[in-house]
Amino acid sequence: MSFAVLALGVSGAGVLSLGLTALAVALLPLPPVGRAVVALVGVVLTVVAMGVVSTRITDRAIRAEYGDEPAVEVGVDSGVHPGEPSEPAEGDGEHPRADGLR
């Protein structure tokens, strides 16, 4: 997946959402204040839709690149629980050698 796919998806969601907002503002029989509210809600929903599409495409690209599920990436399935100490690293607990090597 490339940035072009991401850009097309996000811009497509934005254009679609703004188009629906413009239709709602033009066709709904509302006073000017009601039209302004519909327009504001439409713009907010446009930003939300673009964010959702961006997140989904990005997650799909990460899975395609690394082959991991999102839960595996954060360590949910790895048996490590937050707050637990990790296993000691190689060489922990050993006295340093005189030549500086382990």
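Leu23 is partly exposed in this predicted model, because its relative accessible area of 48% falls between the limits of 20% for buried and 50% for exposed. Leu23 sits in helix α1, which covers residues 3-27. It also belongs to a nonpolar surface patch, together with Leu16, Leu20 and Leu27. From here, let's look at the whole protein and then come back to single residues.

**The overall picture**
- The protein has three helices and zero strands, so its pattern along the sequence reads α-α-α.
- The chain has 102 residues, and 11% of them count as buried.
- The accessible surface comes to about 8100 Å², and carbon and sulfur atoms account for 67% of that area.
- Take the contacts between residues at least 6 apart in sequence: 56% of these join residues at least 24 apart.

**The leucine patch**
- Which residues form the nonpolar patch on the surface? They are Leu16, Leu20, Leu23 and Leu27.
- Together, these four leucines have about 450 Å² of accessible area.

**Helix α2 from end to end**
- Helix α2 runs over residues 32-66, which makes 35 residues.
- At 1.5 Å a residue, helix α2 should span 51 Å, and its end C-alpha atoms are indeed 51 Å apart, so the expected and modelled lengths agree.
- Just after α2 comes Gly67, which takes a positive phi of about 75°.

**Where α2 meets α1**
- Gly34, Gly42, Thr46 and Ile57 are buried residues of α2.
- Against which helix do the buried residues of α2 pack? They pack against α1.

**Ile57, a buried residue of α2**
- Ile57 lies in helix α2 and has a relative accessible area of 14%.
- Buried means under 20%, so Ile57 counts as buried.
- Ile57 and Phe3 are 54 residues apart in sequence, while their C-alpha atoms are 9.7 Å apart in space.

**Ser17, a buried residue of α1**
- Ser17 is part of helix α1.
- Is Ser17 buried or exposed? Its relative accessibility is 14%, so Ser17 counts as buried under the 20% limit.
- Leaving aside residues up to four places away in sequence, Ser17 touches Gly42, Leu45 and Thr46.
- With one of these, Thr46, Ser17 makes a polar contact from side chain to side chain, at 2.8 Å.
- Thr46 is itself among the buried residues of α2, as is Gly42.

Conventions: Residues numbered from 1 in each chain as written. Predicted model: local features only at pLDDT ≥ 70, side-chain atom pairs only at ≥ 80, totals over all residues. Heavy atoms only, no water. Helix = DSSP H or I, 4+ residues; strand = E, 2+ residues; numbered from the N terminus. Buried < 20%, exposed > 50% of the residue type's maximum accessible area, 1.4 Å probe, protein only. Contact = heavy atoms within 4.5 Å. Areas by Shrake-Rupley, 256 points an atom, 1.4 Å probe, with all protein chains shown as cover. Patch = residues over 30% accessible without salt bridge, like charges linked within 9 Å, V, L, I, M, F, W, Y side chains within 5 Å. Salt bridge = Lys/Arg side-chain N within 4 Å of Asp/Glu carboxyl O. Expected span 1.5 Å × (residues − 1). Polar contact = N/O pair within 3.5 Å; in protein donor to acceptor, adjacent residues only side chain to side chain.
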